[in-house]
Amino acid sequence: MENLIKNIDIINPEEQEACEVVKISKDQNTGKNRKLYIESYGCQMNFSDSEIVTSIMEKEGFDTTSDFNDADVIFLNTCSIREKAEQTVRNRLNHFNKVKKEKPALTVGVLGCMAERLKTKLLEEEKIVDLVAGPDSYRDLPNLVKEVDNGEKAVNTFLSREETYADISPVRLNSNGITAFISIMRGCDNMCSFCVVPFTRGRERSRDPHSIVNEARDLFQQGYREVTLLGQNVDSYKWSSNQDLKGKAQIERAGETNVVNFANLLEMVAKVDPLLRVRFSTSHPKDITDEVLHTMKKYENICKYIHLPVQSGNSRVLELMNRTYDRAWYLNRVEAIRNILGEACGISSDMITGFCTETEDEHQDTLSLMDLVKYDFSYMFFYSERPGTLAAKKYQDDIPLETKKRRLQEIIDRQQAHSLERNQKDLNKVHEVLIEGYSKRSKEHLQGRNTANKVVIFPKGKFKKGDYVNVMVNDCSAATLFGEVVV
Ligand code: SAH
Ligand code: SF4
Ligand code: F3S
């Protein structure tokens, strides 16, 4: 059965807040005696973690199902990034409460960021929950499930400094068989004042590059043609060959230490095969280096697309946000991208409106920065205060909701105009597209993306997913390019 992915097109602010993307486990029937249903919310890291969780649970005798009515165990892999994301999960738990009344043996577990943030409080607040497991405790899930089988409640929210799940082969839950995500690091050390992630995901740590390259190679051999390297801040990826040595041994072997930074890692993955596309997300404006940009230029299979969240176009607000760059620094990084990789390189952003004390003029600075950069695409949000963050402790959430929403609508409108303008620049040009499957609207059309991450739709002809084709683009909307294959 196809994976169920709800809500992709984000148009108005109400909708954007109302529906976080949800991914649901697919049916896998290998005759195991118990069934697991996982629903995942939030970012790609969470979706990628659900694939690790499935791998761990498979070894414990679980098949996956896409129908929670068939499940012995239900896991919700949750997100805490905005209040609305947590509310969605609570509503979902209410729904599962009814299911559990009919089937008392059902185990309901909450995993991920909300589990980490609320810990045992979640058991008190949501009586239906049997199991709570934070992002670094998934190896312990088999034991936690056993505890629940024995009639206890089970909790593990220990955050690790080392766990990267490097040795676990993810079960590709949400896969089209062509594109896959590879987690290269976990956690975040940045402490942006609005953000809950450092509290829910713990300290930053990088995964062994050899295990990353091996995973990419395996995927290529299985027919995959694109990998996206994932981390909250990929530019601070750093691995040293002696990082697992302790004390004296570390000092003694310092001379033979091999250090791998993100540019090195990109190169290592790009060399797996020229037919394997490489993408990555997310880049932090304070850390993205010219070395990374030059590596992108050197390898054709590294896609020319950068997600470079700005959050605000005003330097005072950026300082309050603790982003550690200002407007001028950000614009300088965009200039470097344009100089090294050219005008056609895709750039996207995340933005927050109505952060604490943001004035009307400061909001205008975000709009004017957008006019300068002309993003291809943006994820836009209004500020949602998160308990425990620096902003919650230090600043007042003083912008009225209506103002936050009105400002959000203004940046969304501006972005729509820019997306259309950027797409119009792609008209009457030939784009190399990796085909990912049928277009959402018709089985007569295929869709894929060009190097700049833009969706391209064209008549299917004799082509199939996994093929690279050259498409002459002759029409566009703000979201999509349309064209025909040329030879
Ligand atoms: N590591 C990434 C961001 C991960 S969270 C980075 O630094 O860019 C994804 C996005 O959610 C953020 O970029 C931000 O725009 C938004 N976000 C995070 N916390 C938020 C909050 N409290 N309210 C509204 N939006 C928030
Ligand atoms: Fe959150 Fe900032 Fe880390 Fe991104 S870099 S995850 S916004 S703390
Ligand atoms: Fe949400 Fe956690 Fe990702 S808070 S955005 S699922 S890291």
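Start with the lining of the second largest pocket: by class, you'll find eight nonpolar, four polar and 10 charged residues there. Keep in mind as you click around that this is a predicted model.

**Stop 1: the second largest pocket**

To get to the middle of this pocket, select Lys-304, Glu-432, Asn-450, Thr-451 and Ala-452, which lie nearest its centre among 22 lining residues. The space in the second largest pocket comes to about 480 Å³.

**Stop 2: a cavity**

How many cavities of 30 Å³ or more does the structure hold? Just one, and the volume of this largest cavity is about 60 Å³. Two elements, α2 (44–59) and β9 (179–183), each give two or more residues to its lining. Select β9 next, since you're looking for the largest share of the lining: three residues come from this strand. Then add the full lining, which includes Ser-48, Ile-52, Tyr-165, Arg-172, Phe-181, Arg-207 and Glu-215. Colour the lining of the largest cavity by class and you should get six nonpolar, three polar and three charged residues.

**Stop 3: two ligands**

Now pick ligand 2. Which residues surround ligand 2? Among them are Cys-188, Cys-192, Cys-195, Phe-194, His-284 and Arg-323. The shell around ligand 2 splits into seven nonpolar, three polar and one charged residues.

Hop over to ligand 3. Around this one you'll meet residues including Cys-43, Cys-79, Cys-113, Asn-46, Thr-78 and Arg-201. Its shell has five nonpolar, four polar and one charged residues. Try selecting Val-197 and Gln-232 too: they show up around ligand 2 and also around ligand 3.

**Stop 4: the nonpolar cores**

Hide the ligands and look for the largest nonpolar core, which has 69 residues. Leu-229, Phe-262 and Ile-306 touch the most other members. Click on Ile-306 and show what it touches: leaving out residues up to four places away in sequence, its partners include Phe-280, Leu-293, Met-296, Ile-337, Leu-341 and Ile-347. There's also a second, separate core of 25 residues, with Ile-24, Phe-68, Ala-85 and Ala-115 among its members.

**Stop 5: Glu-86**

Select helix α3 (residues 83–102) and find Glu-86 in it. Is Glu-86 buried or exposed? It's buried, because its relative accessible area is 5%, and the cut-off for buried is under 20%. Show its contacts, setting aside neighbours within four places in sequence, and you'll see Cys-79, Ser-80, Met-114, Arg-117, Leu-118 and Arg-386. For a distance exercise, pick the C-alpha atoms of Glu-86 and Lys-127: they are 16 Å apart in space, and the two residues are 41 apart in sequence.

**Stop 6: backbone oddities**

Most residues other than glycine have a negative phi, and most peptide bonds are trans. Here are some exceptions to click on.

- Zoom in on the bond between Ser-281 and Thr-282, a cis peptide bond with omega of about 10°. Thr-282 sits in the loop between β15 (277–281) and α11 (290–298).
- Go to the loop between α4 (112–118) and α5 (121–125) for Lys-119. Its phi is positive, near 50°, and it isn't a glycine. Lys-119 is partly exposed, with a relative accessible area of 34%.
- Finish at Asn-428, in the loop between α16 (401–424) and β19 (430–438). This residue isn't a glycine either, yet has a positive phi of about 60°. Asn-428 counts as exposed, because its relative accessible area is 61%.

Conventions. Residues numbered from 1 in each chain as written. Chains lettered and ligands numbered in written order. Predicted model: local features only at pLDDT ≥ 70, side-chain atom pairs only at ≥ 80, totals over all residues. Heavy atoms only, no water. Near = heavy atom within 4 Å. Nonpolar A, V, L, I, M, F, W, Y, C, P; charged D, E, K, R; others polar. 1 Å grid on protein atoms, 1.4 Å probe; cavity = no way out; pocket = protein on both sides within 12 Å on 5 of 7 lines; lining within 4 Å. Points joined across faces, edges and corners; volume = space filled by probe spheres on them. Helix = DSSP H or I, 4+ residues; strand = E, 2+ residues; numbered from the N terminus. Core = buried A, V, L, I, M, F, W, Y, C linked by side-chain atoms within 4.5 Å. Buried < 20%, exposed > 50% of the residue type's maximum accessible area, 1.4 Å probe, protein only. Contact = heavy atoms within 4.5 Å.
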